[in-house]
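Student: Hey, can we go through this one together? I'd like to start with the empty space inside and then look at the packing.

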Amino acid sequence: MKRVSHVYAAVGIGLTVAYFTAAAGNIDARAVIYQAMALSAGITVLAGIWVHRPSNRAPWYLFAGGLLLWSAGDGYWNSYQWFLGKEAPYPSPADVFYLAAYPLLAAGVLTLMRGWGRAQLRDILDAAIVSVSAAVVIWVLLIGPLARGSTLSALGTGASVGTTVGDVLLLAALAQLAMRRRKSNLALRWIGLSIGLTLVSDYVYAYLNLNSTYTSGMLIDAGWLVGYTLFGAAALHPSMKSIGALPAAAPTLSRLRLAGLGVVLLAPPVALMVQSTESAPTDTLEIGIGATLTVLLVAWRVWLLSRERERAQAELTRQNDRLLELDRMKDELIALVSHELRTPLTSIVGYLELIAEGGGELSAEQRKHLAVAERNAQRLIHLVSDLLLAAQVRAGRLSLQTDELNVAALAEESVASAKPLAQERDIRLSYRSRGDARLVADSNRLAQVIDNLLSNALKFTPEGGSVDVSVRAELGSIVIEVSDTGIGIAEAEQSKLFTPFFRADSAVEHSIAGTGLGLSIVKGIVEAHGGTITLSSRVPDGSTFRVDLPTAGISHAELEYAA
Amino acid sequence: MNADPNKETNMERHRPLVLVADDDEDILELVRFRLARSGYDTICAHDGTQALALASERLPDVAVLDVGMPGLDGVGVTERMRSNEPTKHIPVILLTASANPGDVAKGMSAGAEDYVTKPFSPEMLESRVSAVLKAAAALREPARLNSVIRRAGAVG
């Protein structure tokens, strides 16, 4: 059916072109084209209902009714051409048909939105602001001059005013449709475009009719012709079925909408200015009423906006509080769990130790098994204390027991205890220090920093590589550097590396064991000391972690952080 | 082993008596067993109140108290022992499941001699007990010598 719809649209456009080219000089041919397109639009909409059987049929019946009324009006108009060889007078019974179609089409547009839920007040207001401003312009351009008397007869004036009012009605309905925030589909877009084109042609026609200067075959006929075509094409398109189920679009106040409303607001003052530069009498009262209405609507809209904003703010605060609460609960849970795990772990490692040192009745194999249990229990203990430490770091409750210490000595110890592992993995481990590396710091925690960095470096360096640890005193700070010739860390991951539980893809890929806690703890400890940690790394050349610790000791701020 | 230096006190006052208090039965037994193996006499309490009662009644040479006992905790027991003349000088070692230095500091300021963080190695705990006993003995030494000299003088 998609194709049928597109073909229908293409034929309609083709006929419209033919109307202005091939049939340009031939009134009869034009009348035939016009009549055929008008009639076919109404019938096609009915066919569309029959083919697609949309659950919401009311709008389509209303559209078909409106189109067929217009077609009847066209029929009357064209009969004049065919049978009398002249244009129908204005007004004529054709205008009765035309007029009657407007309420049907407007109702069709409004019922099209059934299934979208209740309209939001803000959308109704936006549409009302647009409609009122448009009405002011139409009044100034059309209704005012018509009411003041034109070359038309009284009936003609009535018909013109009626049509214009019908157009305003349709415009108001279209504005409601446009302001509802829905993702659009093709059928809906075509309906909107069709009504828009029809409205433009109607207004130009009404304007021309002020001075009876309209003749059939003028370019504005294209608006009506294409309008008919798009109505038919929309009804044939399968997407017409799903208009009622279109998803809501994000309820943002788009800049475009704001700009549009701003332009629309200018309508009354501009109309006033235009009128006052002409000699024509000014519709001051009408423009004043329009402007007042617009201002009231805008004030209402602004009030809604500010209330929406306040609500959004309150909701955001509530959600934020909840997130903070959840985060706090998570930290508490980690602290509690790791605390509770310590007691059973004490029994496990304690009794393992009792058995191991208890006597000689154990076979070598049993001893090996005990060692495995012991090693894994130790791993668990390590994990538990890391978890607890990470929770303390996150809660800003990492407390330090500071004393004067020599960073170089700490690093040397770490390197010495890592030597066996390095040898086992055939990694060259070197250490050097320069200058006086004394500092007031928490020696256990600082040792943990160096141990963690060193064990990471060893973990991520392939056999035959090298790891270097250096400690040097610089002006006002002590710098610890741990560099490796490992696999390196991808740039995209570097910023996330210090967040708890983050694990680099490469670590997972190479199935290197770890919890993703080590570096977050390192960062927490370094920062509690008032220091910084930085990383420079390139895949696949290796990484260098650099820790800067201020020698000025721990400042007041950090002490508070620690507390 | 570590127990050897205590032989001296053993000779003087039988075997050293250690009060162990923990609400966790398994840990209580672990500590009791390990200390007994090194030649200590032990008395066990399952909560703070019982520990305090045993401390005043038996006047142990050292008390190993768990901080995290329900009701009267290890820190509370230490405080009360310190405010009671007979138990005032009994050294206390606290067992704590918290790595939070704040909790440790609270216990130390209540008058504990030392603390051990759970999970601990029983051997390490035993060496702490022995160290605390030695320190206590060293403190008592001048007094003991004085009384020895006094007794010698009285005889001589």
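**Cavities, a pocket, helices and a sheet**

Tutor: Sure. This is a predicted model, and a search of the whole structure turns up three cavities of 30 Å³ or more.

Student: How much space is in the largest cavity?

Tutor: About 380 Å³. There are 22 residues lining the largest cavity, and those closest to its centre are Tyr34(A), Asp74(A), Tyr98(A), Tyr214(A) and Trp224(A).

Student: And which elements give two or more residues to that lining?

Tutor: In chain A, they are α2 (27-52), α3 (58-84), α4 (93-112), α7 (186-210) and α8 (221-236). The largest share comes from α3(A), with five residues.

Student: What's the class breakdown for the lining of the largest cavity?

Tutor: You get 12 nonpolar, five polar and five charged residues.

Student: OK, pockets now. What volume does the second largest pocket have?

Tutor: About 420 Å³. It is lined by 16 residues, and closest to the centre of this pocket are His89(B), Ile90(B), Pro91(B), Ala136(B) and Arg140(B).

Student: Which helix gives the most to the lining of that pocket?

Tutor: Helix α6 of chain B, residues 122-155, which puts in five residues. By class, the lining of the second largest pocket has nine nonpolar, one polar and six charged residues.

Student: Switching to helix packing: at what angle do α5 and α9 of chain A pack?

Tutor: About 35°, with the axes 9 Å apart; α5(A) covers residues 121-147 and α9(A) covers 255-265. The crossing of α5(A) past α9(A) is left-handed.

Student: Which residues meet there?

Tutor: From α5(A) you have Asp123(A), Asp126(A), Ile129(A), Val130(A) and Ser133(A), and they meet Arg257(A), Leu261(A), Val264(A) and Leu265(A) of α9(A). That contact divides into five nonpolar, one polar and three charged residues.

Student: Last topic, the sheet in chain B. What's the strand order?

Tutor: The order is β2-β1-β3-β4-β5, in an open sheet of five strands with parallel pairing.

Student: Why do β2 and β5 each have one side without a neighbour in the sheet?

Tutor: Because β2 (41-45) and β5 (114-117) of chain B stand at the edges, and each has a single partner strand. On average, neighbouring strands of this sheet are turned by 20° against each other, direction ignored.

Student: How many bridges are there between β1 and β3 of chain B?

Tutor: Four, in the parallel sense, between β1(B) at residues 17-21 and β3(B) at residues 62-66. For a specific pair, look at Val18(B), whose bridge partner in β3(B) is Val62(B).

Definitions and conventions: Residues are numbered from 1 along each chain as its sequence is written. Chains are lettered from A and ligands numbered from 1 in the order in which they are written. This is a predicted model: local features need pLDDT of at least 70, side-chain atom pairs count only at pLDDT 80 or more; totals for chains, interfaces and linings use all residues. Side-chain values use heavy atoms; hydrogens and water are left out. Two strands pair if DSSP finds at least two bridges between them. Axes are lines fitted to C-alpha atoms, for helices over the stretch in contact, and angles run from 0 to 180 degrees between N-to-C directions. A crossing is left-handed if the near helix is turned anticlockwise from the far one by less than a right angle, and right-handed if clockwise. Contact means heavy atoms within 4.5 Å. Ala, Val, Leu, Ile, Met, Phe, Trp, Tyr, Cys and Pro count as nonpolar, Asp, Glu, Lys and Arg as charged, and the others, Gly among them, as polar. On a 1 Å grid over the protein atoms alone, a cavity is a set of points where a 1.4 Å probe fits but cannot get out, and a pocket is an open set with protein on both sides within 12 Å along at least five of seven lines; lining residues have an atom within 4 Å of a point. Grid points are joined across faces, edges and corners, and a volume is the space filled by probe spheres set on the points.
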